[in-house]
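The following exercises concern a single protein chain. Please examine the sequence and the model before reading each worked solution.

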Amino acid sequence: CKELLQYLGEKRYQNLFEESMKHTHPSVNENDLFFALPPLKELDNPFALRAVKQIVLFIRFFLENDDDDRCREVNEALNEANPGREQLMFKCLQIPDDDVKHVVVETIAKAPLDQLDTSEVAELVGML
């Protein structure tokens, strides 16, 4: 599950964007497409937005089911990843899509307070 975090503006973000562009332009030969990777704050491809939203919802599933031992293990792994779950959620708030932002904020709200470090709490306070 930690690998999913890499699609949220990290190592695999380019793969997510390229696949989204292929679906946006299905009739164009794949070799003829050029993809200028936008920063998250400029992401507007509907397929990429849908993918990001679904990844965030999948992460939220584990937060909402933290009473299950396996979900708790996944939550701890996501929290300990580098960068961790909350740092990547904060990055996703740059995406100019209200649906994505809504899902991200709801997901951050589900994070156990004991899994938020001082810098993450400071970032949350700074957003207010």
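**Exercise 1.** Which residues does Glu86 touch, not counting residues up to four places away in sequence?

*Solution.* The model is a predicted one, in which local features need pLDDT of at least 70, side-chain atom pairs count only at pLDDT 80 or more, and totals for chains, interfaces and linings use all residues. Residues are numbered from 1 along each chain as its sequence is written, and side-chain values use heavy atoms, with hydrogens and water left out.

Step 1. Apply the contact criterion, namely heavy atoms within 4.5 Å. With residues up to four places away in sequence not counted, Glu86 touches Asn79, Ala111, Gln115, Leu116 and Glu120.

Step 2. Locate the residue. Glu86 lies in helix α5; helices are DSSP runs of H or I with at least four residues, strands are runs of E with at least two, and both are numbered from the N terminus.

Step 3. Assign its exposure. Buried means under 20% relative accessible area, exposed over 50%, and partly exposed in between, with a 1.4 Å probe and protein chains only. Glu86 has a relative accessible area of 1% and is therefore buried.

Step 4. Consider the helix as a whole. Six of the eight residues of α5 are buried, and the helix is mostly covered. The buried residues of α5 are Arg85, Glu86, Leu88, Met89, Phe90 and Cys92.

**Exercise 2.** Characterise the surroundings of Gln115 and Ala111, and the peptide bond that joins Asn82 and Pro83.

*Solution.* Step 1. Gln115 is placed in the loop between α6 and α7 (118–127). Its relative accessible area is 12%, so Gln115 counts as buried.

Step 2. Leaving aside neighbours within four places in sequence, Gln115 is in contact with Asn75, Glu76, Asn79, Arg85, Glu86 and Glu120. For the pair Gln115 and Glu76, the separation is 39 residues in sequence and 8.0 Å in space, C-alpha to C-alpha.

Step 3. Ala111 also occurs in the loop between α6 and α7, and is buried because its relative accessibility is 7%. With residues up to four places away in sequence not counted, Ala111 touches Leu63, Arg85, Glu86 and Leu116. Ala111 and Asn75 are 36 residues apart in sequence and 8.8 Å apart in space, C-alpha to C-alpha.

Step 4. Pro83 belongs to the loop between α4 and α5. The bond joining Asn82 and Pro83 is a cis peptide bond, with omega about 0°.

**Exercise 3.** How are α3 and α4 oriented, and which residues make their contact?

*Solution.* Step 1. Axes are lines fitted to C-alpha atoms, for helices over the stretch in contact, and angles run from 0 to 180 degrees between N-to-C directions. The axes of α3 and α4 come within 8 Å and cross at roughly 125°.

Step 2. Angles under 35 degrees count as roughly parallel, over 145 as roughly antiparallel, 65 to 115 as roughly perpendicular and the rest as oblique. The two helices α3 and α4 are therefore oblique to each other.

Step 3. From α3, the contact uses Ile59, Phe61, Phe62 and Leu63; from α4, Cys71, Val74, Asn75 and Leu78. By class, this contact has seven nonpolar, one polar and no charged residues. Here Ala, Val, Leu, Ile, Met, Phe, Trp, Tyr, Cys and Pro count as nonpolar, Asp, Glu, Lys and Arg as charged, and the others, Gly among them, as polar.

**Exercise 4.** Repeat the analysis for α2 and α3.

*Solution.* Step 1. The axes of α2 and α3 come within 8 Å and cross at roughly 135°; these helices are therefore oblique to each other.

Step 2. Leu16, Ser20, His23 and Thr24 of α2 meet Phe47, Ala48, Ala51, Val52 and Ile55 of α3. The contact comprises six nonpolar, three polar and no charged residues.

**Exercise 5.** Describe the largest nonpolar core and the chain that contains it.

*Solution.* Step 1. A nonpolar core is a set of buried Ala, Val, Leu, Ile, Met, Phe, Trp, Tyr and Cys residues joined through side-chain atoms within 4.5 Å. The largest has 30 residues, and those with the most contacts inside it are Leu8, Leu43, Val52, Ile95 and Val104.

Step 2. Two or more residues each come from α2 (13–24), α3 (46–64), α4 (69–80), α5 (85–92) and α6 (98–110). The helix that gives the most is α3, with seven residues.

Step 3. Not counting residues up to four places away in sequence, Val52 touches Leu8, Leu16, Leu43, Cys92, Ile95 and Val100.

Step 4. The chain has seven helices and zero strands, and 37% of its 128 residues count as buried. Of the contacts between residues at least 6 apart in sequence, 66% join residues at least 24 apart.
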